[in-house]
Amino acid sequence: MGLPDLIQPAPFQVAAGLEQQLLKILKKHPHDLAACTNLGQLYAGQGRFNNAIALYRSGLDKHPNDPLLHANLANALCACRLGAEAYEHARRAVEIDPREDVGWINLSWACALLMRHDEAEQAARQVLALRPGNIMALNNLASALKEQGKLHQAVELYRQVIQSDPDLDFVYVNLLLAMLYDMDSSLADILSVTGLYAARFEAPLLSLWPVHRTTPDPWRRVRLGILSPDFNDHSIMYFVEPLLARLDRRQFELVAYYTYPEGTGDHVTERVRRFAGRFVYLGNLQPAEQADRIMTDGIDILLDTAGHTAQSGLLAMARKPAPVQVTWLGYPGTTGLTSIDWRITDTVADKEPRPAAGLPPLEAQYSEKLAFLPPPFCVYRPCIRNPLQRYWPQYQVQSAPVHRTGFITFGSCNNLAKLTPNVLTLWGSLLQRIPTARLLIEGKGFGNPETARTYREKCILHGIPAERLVLIPFDSKNQYLVYHQIDIALDPFPLTGGTTTIDLLWMGVPLVSMRGESFRGRMGMSFLTSVGFTDWIAETEEEYLAIAERLASDIPALNSMRLQQRKLLEQSPLLDETRFVELFEEALRQMWLKWCARQTAPENPDATFRHWLESSARSPRQEALVFLEPEGGQGTRLDEAYRLLQDRLAKARTDGDGCTSGVAPFWQEVIRLARLIIESRPKDVQALAALAEAEHVHANTQAAIAYLSHAVEASPQSGPLYQCLINWYREAGNEQAALAVSRIMKQRGAQAGG
């Protein structure tokens, strides 16, 4: 929700002295309540949340019924995204003292993290009953309403908060996100807010921008800093991870700046630590300190992946800590900041609007210069939560569900805030045209009966019959699997789907999308264009309905398309990591060349830039690397990784069969190493074959077949892999599958002894 720390930090010039005084008190009186509370507040204000959490927990051992300790502990836990534990302490705080607003405020934050938006709304309203006009409560209430799709109310509340306190940067971010969803918020409205943000938070800093002494050498290795709050289990990582894994280390030195405090993160964070040359936590620093750290590190190009989203580094970038600053991916629009030089996009997602649209020209929609890639503007890597899921049977494309149900199921798994009244009304019209069809909507909070009932009533008001509506509670564990229940997906507007769009396309589900006039409405167009599915893009609402009807009218064609769609996707630019990263690197290099040209030849930088491009002195790309060490970005050459893997396999085959239960230690090492290779280079044949052998040795035949099948697809001329797969199918008693593989082997001309 982009909420701030509840407790304001002590001024930093006195913080150190205050900390020492409080530590002295606690050394003498370890359970002093006031000292524990105040020091915890100091730590939280400085972003030292782990210290604050430890201190509050210690205090609760002696004072288990102190509401402020519970409330402040909830605040620190929320800041570290530990919503479930935060909820318990916030709930305890309001039970002990229901008249104290701090507990209710943090309860609303914890509920938001847990996607219990009805309860978040109730908690915020409880604060307003106690303290009318409370700024934090108004913000939290707006956020809860936004998540429930009550966009107009949310926008008005955010505006009210900004009018009351225009220095709360996070409220501008919340307002902008709500406006993206809102049909009534025009592009001009959104640009006016980014302008206000820049005037408030960047303009006072312009005269303080540093002079960068960076050496303007056009072809040297560039130090690239990537600044993000999302180096974790976040949707952005489906697109950032391929870049981190494949970036040419001969051309770029990679530094990852994580805007959360040290001690936070998850298994995805650990992968980022492997990929990055350096991994730096910035969450315990103020924006000015973050900027100083980035400048001290000598970053040449600073890449933001968040834009106007929670916990971003925009306030640090407003101080211009790097000579070249770029934004990409996280926010579908301009930052409004002149300190950010470039925005990376593509030629479909950003295009001059049609005259009839009444929008400003493309150049006027951005404070940044646009760097255009061929579509898409990003590349997708499936299954970042568990990269091996990509090969598991349950995540493979299945036949269209209409064959099981007897009726077409349309569906959406987008954030409910995107499903505006116009969208729901259009979907209601679609159900009227196809009387047997159903509409499935996956949404946060539908596990709560009251939330589901309220949303069902909303859908009925927009012409969607209750008996034909299926509401499924959002559960991250069901990502991808819910698409087995959807025949045809429906894209919302004006803000189209992002990650969910590529998820469903990868699972074989076609998508009906509406053409938008600006980036927020054209992401679906970019994705569909890059795969060649432009006939699923509608110009009007009537055409949207016609495309959906056409897809639903030919079930054999629908099913045939579903079964071949993943292969088309994986052969397209949307999943071509090598192509995309090379294009991305070239865009960054040209940005660097242009900056160098302005420094070395200010009288004619364009001619110098063109000369450099024509007489390129860049080094050849580095050979493929995989990242095996836990941190530091020390890549291993792929051939060396294969040698290590074969060595582990040889030891496992010789010494790994004596384990009577579980996975033998030598085979555990094979699995670990193979997995690390796949996390760097998905669909690697040798790693998949090693995983398959490890599973087969441990009598997990179905898992072995799954991995080996993918190895065969990635190496279609390898006769030994085919022969092994045929043998394993026969072991499993599936002669039909064995014969099918044998036929494919012959068709492809693979030789058993090859």
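**Exercise 1. How do the residues of the lining of the second largest pocket divide into nonpolar, polar and charged?**

*Solution.* The structure is a predicted model, in which local features need pLDDT of at least 70 and side-chain atom pairs count only at pLDDT 80 or more, while totals for chains, interfaces and linings use all residues. Residues are numbered from 1 along each chain as its sequence is written, and side-chain values use heavy atoms, with hydrogens and water left out.

Step 1 fixes the terms. On a 1 Å grid over the protein atoms alone, a pocket is an open set of points with protein on both sides within 12 Å along at least five of seven lines, a cavity is a set of points where a 1.4 Å probe fits but cannot get out, and lining residues have an atom within 4 Å of a point. Ala, Val, Leu, Ile, Met, Phe, Trp, Tyr, Cys and Pro count as nonpolar, Asp, Glu, Lys and Arg as charged, and the others, Gly among them, as polar.

Step 2 applies the classes: the lining of the second largest pocket holds 20 nonpolar, eight polar and eleven charged residues.

Step 3 locates the lining. It consists of 39 residues, and E570, K683, S709, H710 and E713 lie nearest the centre of the pocket. Two or more residues each are given by α22 (555–570), α23 (577–600), α28 (701–714), α29 (719–731) and α30 (735–748). Helices (H or I, at least four residues) and strands (E, at least two) are DSSP runs, numbered from the N terminus. The largest share, eight residues, belongs to α28.

Step 4 adds the volume, which is about 1,200 Å³; a volume is the space filled by probe spheres set on the grid points, which are joined across faces, edges and corners.

**Exercise 2. State how many cavities of 30 Å³ or more are counted, and describe the largest cavity and the second largest cavity.**

*Solution.* Step 1 gives the count, which is four cavities of 30 Å³ or more.

Step 2 takes the largest cavity, with a volume of about 110 Å³. Its lining has 14 residues, and L187, I190, P332, G333 and T334 are the closest to its centre. Helix α11 (residues 187–201) supplies the largest share of this lining, four residues. Eight residues of the lining of the largest cavity are nonpolar, five are polar and one is charged.

Step 3 takes the second largest cavity, of about 60 Å³. Among the residues that line the second largest cavity are E241, R381, C383, Y391 and P682. By class, this lining has seven nonpolar, no polar and four charged residues.

**Exercise 3. Determine how α8 packs against α9, and how α9 packs against α10.**

*Solution.* Step 1 compares the axes, which are lines fitted to C-alpha atoms, for helices over the stretch in contact, with angles running from 0 to 180 degrees between N-to-C directions. Those of helix α8 (residues 135–147) and helix α9 (residues 151–164) come within 8 Å and cross at roughly 160 degrees. Therefore α8 and α9 are roughly antiparallel to each other, a term for angles over 145 degrees.

Step 2 gives the handedness: the crossing of α8 and α9 is left-handed, meaning that the near helix is turned anticlockwise from the far one by less than a right angle.

Step 3 lists the contact (heavy atoms within 4.5 Å). Residues of α8 including I135, L138 and L141 make it with residues of α9 including L151, A154 and L157. Ten residues of this contact are nonpolar, five are polar and one is charged.

Step 4 turns to α9 and helix α10 (residues 169–181), whose axes come within 9 Å and cross at roughly 155 degrees. Because of this angle, α9 is roughly antiparallel to α10. The crossing of α9 and α10 is left-handed. In α9, Y158 and I162 are among the contributors to the contact, and in α10, V171 and L175 are among them. The contact of α9 with α10 has eleven nonpolar residues, one polar and one charged.

**Exercise 4. Find where the cis peptide bonds that precede P376 and P494 lie.**

*Solution.* Step 1: a cis peptide bond joins P375 and P376, with omega about 5 degrees, and P376 lies in the loop between β7 (369–373) and α16 (402–405).

Step 2: a cis peptide bond also joins F493 and P494, with omega about 10 degrees. The loop between β11 (488–490) and α19 (499–506) contains P494.

Key
Angles under 35 degrees count as roughly parallel, over 145 as roughly antiparallel, 65 to 115 as roughly perpendicular and the rest as oblique.
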